[in-house]
Amino acid sequence: KHPCKLKVSEYKLFNFAIPKKRKMKLLFPVLILFQGISLFGQLDYNNFSTEQSVETFSVFETFPEIKDSDLIFYGFLHGAEIPQQIDCLILKELIDEGVGYYAPEVSYSQAFFMNKYLATGNKAFLKYVLKTYRAPQDASHQWIEKFQIIHDYLRVEKKELQIIGTDREESPELIITFLSHILGERKTGHPTIDSLHLYKDLEPDLTLISLGPLYKKAVKIRMEGGDPDALIYSNDSQNQFSKRFITDYSNNKNIIHKYFGDDSLKVIEVFDSYKNGKREETIVRNFEKYILPLTDQGYKVYSNFGYAHVLQSELNNKNYLTAELKHRYPNLKIFTLLSHLSESEVLSHRKLCKSGKIKRQGKKLKTAKVCGAINSKEDDGDSENEKVKGIKELTAITGKGKLRTILISELPQELNSNLYFIDYEINENSAGLKFKDNLMTQNYYQGLIFIKGSGPNIPYEITDANTR
């Protein structure tokens, strides 16, 4: 049974001992001090961490400080199965506590289709998102299952959830599909806008091709600044139409807005985020536009983004999303959860197999389809995570497939001040990440969900979900 299919009351019940453990720490500080030190003068990691199963994890019982927060972030690890399950559990429990806003790492148009899925249950809308997903390691059966569970939960419990997209728009084709849906059945008399009716579905991607002669020619054209897609897609394809439409829009914005009427604001929102400035600037700007007005009204918002985006202090001499929000709005109450992986596998790439041929410009072009998964024990944080200070010790005391959780504010001073669970062991930081020496771990995040032994995601394109 998927962990997230349990009732919220079921997995809360299993965690009743966690608050008691913290209460004991307050009642017997001297006893815990002695218990926390072994005969060899080393810290006992069992005393400030708690092993849990995924099935019984409760975010409120484990990290009660979340209840006082305006924004709750989960630092996501791409490609792994258990982080998807944890995200589902957190989201479901927050919904149960009245949180009705979710801001994952998606764009405005992607959020539009995710909300349509929650309203209709039509999985085709989820596929639109996954075909254009920024982190292809998470475009998976696990991602789909997560939202199926949330959809069913909302329906049964008669609750509502609004998904808010703040990321940059990257796919012209998805923008065209989005515009087609908001235009609906209207006829405008404008030939370009009325042509949107032809592109209500997202067309298949034809760029998964072999190293044939046309592909080599396409690479040469790209290097020369040309459009290689014009070799692959026909002139009336969604790919080519989307490029023409975006050019028309840039030259005739006001005219196009007029034809969309009351929906013109949605058109503006999408194009304002389409490759407009640097990605992080776009995300921060959209958080200020869509998310902070909600927190100002007293609503909580839950969000998951990749590792760097959720850290509350400077990384590599740069403020990412959460650090920039904290810098601009020091009174904003933010709680960041972070995950580290150990002894796990992640989805790294898709295995491609020859599927057929298409004819373009007199040449036959080999096409491909996803026919398997290429998994890794090193990509996207696993082997790197195992070099973070303190991770070896957590690995040694944690069962396979289990979680170990830590409230960072309860770490011993010597660990917190030496950036344990965030910075790397000496000479082990091959990625060259730079953290500020004068800060503590809790300046970066407040809660750790350590995962040992996660399996990988399975690409959503694979028909047999049991295929690894």
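Trainee: In this predicted model, does Lys243 count as buried, partly exposed or exposed, and what is its relative accessibility?
Mentor: The class follows from the cut-offs, because buried means under 20% relative accessible area and exposed means over 50%, with partly exposed in between. Lys243 falls into the middle class, partly exposed, at a relative accessibility of 30%.

Trainee: With which residue does Lys243 form a salt bridge, and how far apart are the closest N and O atoms?
Mentor: The pairing counts as a salt bridge because the rule asks for a side-chain nitrogen of Lys or Arg within 4 Å of a carboxyl oxygen of Asp or Glu. The partner of Lys243 is Asp229, and the closest N and O atoms are 3.1 Å apart.

Trainee: Which parts does the pair of Asp229 and Lys243 tie together, and how many residues apart are they in sequence?
Mentor: Asp229 counts as buried at 17% relative accessibility, whereas Lys243 is partly exposed. Asp229 belongs to helix α12 (residues 229-232) and Lys243 to helix α13 (residues 238-251), so the salt bridge ties together parts whose separation in sequence is 14 residues.

Trainee: How many residues apart in sequence are the parts tied together by Glu269 and Lys289?
Mentor: These two form a salt bridge in which the closest N and O atoms are 2.8 Å apart. Glu269 counts as buried at 14% relative accessibility, while Lys289, at 41%, counts as partly exposed. Since Glu269 lies in helix α15 (residues 264-272) and Lys289 in helix α16 (residues 279-296), the parts that the pair ties together are separated in sequence by 20 residues.

Trainee: Where do Arg134 and Asp167 lie, and how many residues apart in sequence are the parts that they tie together?
Mentor: Arg134 and Asp167 form a salt bridge, with 3.6 Å between the closest N and O atoms. Arg134 lies in the loop between α7 (124-131) and α8 (141-157), and Asp167 in the loop between β4 (162-163) and α9 (172-183), so the parts that this pair ties together stand apart in sequence by 33 residues.

Trainee: Is Asp167 buried or exposed, and what is its relative accessible area?
Mentor: Its partner Arg134 counts as partly exposed at 34% relative accessibility. Asp167, by contrast, is buried, with a relative accessible area of 2%.

Trainee: Which residues are joined into one network by salt bridges that share partners?
Mentor: The count of salt bridges comes to 17, and the one between Arg134 and Asp167 belongs to a wider network. Joined through shared partners, the members of that network are Glu105, Arg134, Asp167, Arg168, Glu170 and Arg279.

Trainee: What is the arrangement of the aromatic pair formed by Phe125 and Tyr128?
Mentor: Phe125 is buried, with a relative accessible area of 9%, and Tyr128 counts as buried at 7%. Being three residues apart in helix α7, the two are separated by about one helical turn. Their ring centres are 6.0 Å apart and their planes stand at 75°, an arrangement that is edge-to-face.

Trainee: Which residues are linked by ring pairs into a cluster?
Mentor: The structure holds 23 aromatic pairs, and Phe125 with Tyr128 is one of them. The cluster that ring pairs link together consists of Tyr108, Phe112, Phe113, Phe125, Tyr128, Phe178 and Tyr290.

Trainee: Why is strand β2 described as largely enclosed by the rest of the structure?
Mentor: Leu71, Phe73 and Gly75 point one way from β2, whereas Ile72, Tyr74 and Phe76 point the other way, and all are buried. The strand (residues 71-76) is largely enclosed because its buried residues number six of six.

Trainee: Which strands pair with β2 in the parallel sense?
Mentor: Over six bridges, β2 pairs in the parallel sense with a strand at residues 301-306, where Leu71 stands opposite Val301. Five bridges join β2 to a strand at residues 334-342, also running parallel, and there Leu71 stands opposite Ile334. The partners of β2 are therefore β5 and β6.

Trainee: Which residues have the most contacts inside the largest nonpolar core?
Mentor: That core has 77 residues, and its largest share, eight residues, comes from helix α5 (residues 81-96). The residues with the most contacts inside the core are Ile90, Leu179 and Phe245.

Definitions and conventions. Residues are numbered from 1 along each chain as its sequence is written. This is a predicted model: local features need pLDDT of at least 70, side-chain atom pairs count only at pLDDT 80 or more; totals for chains, interfaces and linings use all residues. Side-chain values use heavy atoms; hydrogens and water are left out. A nonpolar core is a set of buried Ala, Val, Leu, Ile, Met, Phe, Trp, Tyr and Cys residues joined through side-chain atoms within 4.5 Å. Buried means under 20% relative accessible area, exposed over 50%, partly exposed in between (1.4 Å probe, protein chains only). Helices (H or I, at least four residues) and strands (E, at least two) are DSSP runs, numbered from the N terminus. Two strands pair if DSSP finds at least two bridges between them. Rings of Phe, Tyr and Trp (its six-membered ring) pair if their centres lie within 6.5 Å; planes under 30 degrees apart count as stacked, over 60 as edge-to-face and the rest as tilted.
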